[in-house]
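Trainee: Hey, I'm opening this one for the very first time. Could you walk me through it?

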2 protein chains.
Amino acid sequence: MQLTKPQHGKASLPVIKRLPKYYRYLTALQHSGASKVSSSELARMMGTTASQVRQDFNCFGGFGQQGIGYNVEVLLHEISALLFGDGEKLPTILIGTGRLGTAVSSFLVRDVNGYRLVGAFDVKDEEVGRQLSGVTVRHIRDLEAFCQEHKPVMAVLCVPRESAREVASRLVALGIRGVWNFSHYDLSVPYPQITVENVHLGDSLMSLGYRLRNE
Amino acid sequence: MQLTKPQHGKASLPVIKRLPKYYRYLTALQHSGASKVSSSELARMMGTTASQVRQDFNCFGGFGQQGIGYNVEVLLHEISALLFGDGEKLPTILIGTGRLGTAVSSFLVRDVNGYRLVGAFDVKDEEVGRQLSGVTVRHIRDLEAFCQEHKPVMAVLCVPRESAREVASRLVALGIRGVWNFSHYDLSVPYPQITVENVHLGDSLMSLGYRLRNE
DNA sequence: CGCAATTTGTCAATCGTTTCACAGCTGCAT
DNA sequence: ATGCAGCTGTGAAACGATTGACAAATTGCG
């Protein structure tokens, strides 16, 4: 059981999905030297409504001050705390070190706070031993031994569709709690006990195609 | 000529986003040799409700037969038509041939129907001339000349945040109608006239972090 | 000091999506 | 041939999210 539970308001999934966007725009504001911002100003920048901005922030507690607006630094700090917790980075492993896995791992290491890449695995022998975003690629057969020692919490899954199911069940057995899933396989269906973020690039591209062709 | 008129029902964005998922599961069903499927069976596989499946399909016209179910082949054909049109592949260019761009382009070429990669561009001279998913990388300064000749319809944007805005405005000027956007920049805000599918990997990863830490 | 302008927090109304319920159709077993 | 079990299509209800509206708070300025 977790102690860190903001019971002030229950954040619905749509709200959670918007948090990173707030984070991005607030970071930009901070860089530009702004010290405060109003909900209407932020809404205009982000292409949403002032009402939604206020409603969203209010899920987590009153960060703003009536008559004034929101203090950029305070707001950014609060949202960072929500997204990245107390600063403890989640130990993370990468499964599948192909092109996509490589690209995504450098992304995780360079561009996003909150995670620490501790290991990478692949089936191909020729990948083993190679350096990748600060870790050495190991063979997938060493997954169990490695995880029992390092206790990773999150896994990035960049394996072909056929392997996804088997790898996922091993990860669940090893106590992995979250998966960032790039395989063409809906992990959320068979494994409701872990938190899954599916990134289905194929789906994304196809739905864009639909919109392009039908309007 | 289209059998299914788009104005039969107006498909809302949530429905459109589910189409590729139907496509995936129906393809799997077809491979497994099934010739028909009921809404409840499909729903169970996909982790949704039978009601939603029927409602979704009904947006586009009655593909099913009362008392029987849906013919897998017919359904797959109809959904393919919606997603990929008459088979004409959309000419597409890639901007930014870094690791992510490379991974994504091989994806577009290999794994998804409906697109044809016709060109790739980068700012770095050392990228120019290299082969990538069947095309030769050109310098970004040749973008205008190339597009005027080849008239691409879609662009994949894999450039750093700082360049996104400038490149996007050039693409819009060149008549690009859709952008698959991987840059950390919300293209939909400044350019409402084009169809944009934002893939914000950072946002995706951050929201996963929130869910992992707060439950 | 008091008023006008601005802005948040929040409750209520609206809007859109999902789920429910059921009529009508089909194939099958008896 | 008839009843039964299972299915779709669809209008209506329920639900959830977004938007609107307004009271309370704050500042600046005359």
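Mentor: Sure, let's begin with a term: a residue is near a strand if one of its heavy atoms lies within 4 Å of it. Keep in mind that this is a predicted model.

Trainee: Okay, which residues come nearest to DNA strand C?

Mentor: There are 25 residues around DNA strand C, and Ser39(A), Asn58(A), Gln66(A), Ser51(B) and Gln55(B) come nearest. Of the strand C atoms that come within 4 Å of the protein, sugar and phosphate account for 63%.

Trainee: What does the side chain of Gln66(A) lie close to on DNA strand C, and at how many Å?

Mentor: A polar atom of the Gln66(A) side chain is 2.8 Å from a base oxygen of that strand. In chain B, Arg18(B) has a polar side-chain atom 2.9 Å from a phosphate oxygen of DNA strand C. Gln66(B) also places a polar side-chain atom 2.9 Å away, but from a sugar or linking oxygen of DNA strand C.

Trainee: And which element gives the most to the surface near DNA strand C?

Mentor: That's helix 3 of chain B, with four residues. At least two residues each are supplied by helix 3, strand 2 (64-65) and strand 3 (69-71) of chain A, and by helix 1 (13-31) and helix 3 of chain B. By class, the surface near DNA strand C has 17 polar, five nonpolar and three charged residues.

Trainee: Now DNA strand D. Which residues come nearest there?

Mentor: Out of 26 residues around DNA strand D, the nearest are Ser51(A), Gln66(A), Ser39(B), Gly67(B) and Tyr70(B). Of the strand D atoms within 4 Å of the protein, 60% belong to sugar or phosphate, and the rest to bases.

Trainee: Which side chains have an N or O atom close to a base of strand D?

Mentor: Ser51(A) has a side-chain N or O atom 2.7 Å from a base nitrogen of DNA strand D. For Gln55(A), the partner is a base oxygen of DNA strand D at 2.9 Å. You can add Arg54(A), with a polar side-chain atom 3.2 Å from a base nitrogen of DNA strand D.

Trainee: And where does the largest share of the surface near DNA strand D come from?

Mentor: From helix 3 of chain A, which gives four residues. The classes for the surface near DNA strand D are 18 polar, five nonpolar and three charged residues.

Trainee: Switching topic: at what angle do helix 1 and helix 4 of chain A cross?

Mentor: At roughly 145°, and their axes come within 10 Å. The crossing of these two chain A helices is left-handed. Residues making the contact include Leu19(A), Tyr23(A) and Leu26(A) of helix 1, and Leu75(A), Leu76(A) and Ile79(A) of helix 4. By class, this contact between helix 1 and helix 4 of chain A has 13 nonpolar, three polar and one charged residues.

Trainee: What about Ser105(B), buried or exposed?

Mentor: Ser105(B) counts as buried because its relative accessible area is 3%, and the cut-off for buried is under 20%. Ser105(B) sits in helix 5 (residues 99-110) of chain B. Leaving aside neighbours within four places in sequence, Ser105(B) is in contact with Leu94(B), Leu117(B), Leu132(B) and Ser133(B).

Trainee: Last one: what is phi of Lys151(A)?

Mentor: Phi of Lys151(A) is near 50°, a positive value in a residue that isn't glycine. Most residues other than glycine have a negative phi. Lys151(A) lies in the loop between helix 6 (143-150) and strand 8 (154-157) of chain A, and counts as exposed at 56% relative accessibility.

Trainee: And Lys151(B), buried or exposed?

Mentor: Lys151(B) is exposed, at 55% relative accessibility. Lys151(B) has a positive phi of about 50° too.

Key:
Residues numbered from 1 in each chain as written. Chains lettered and ligands numbered in written order. Predicted model: local features only at pLDDT ≥ 70, side-chain atom pairs only at ≥ 80, totals over all residues. Heavy atoms only, no water. Polar contact = N/O pair within 3.5 Å; in protein donor to acceptor, adjacent residues only side chain to side chain. Nonpolar A, V, L, I, M, F, W, Y, C, P; charged D, E, K, R; others polar. Axes fitted to C-alpha atoms, helices over the stretch in contact; angles between N-to-C directions. Left-handed = near helix turned anticlockwise from the far one by under 90°. Contact = heavy atoms within 4.5 Å. Buried < 20%, exposed > 50% of the residue type's maximum accessible area, 1.4 Å probe, protein only.
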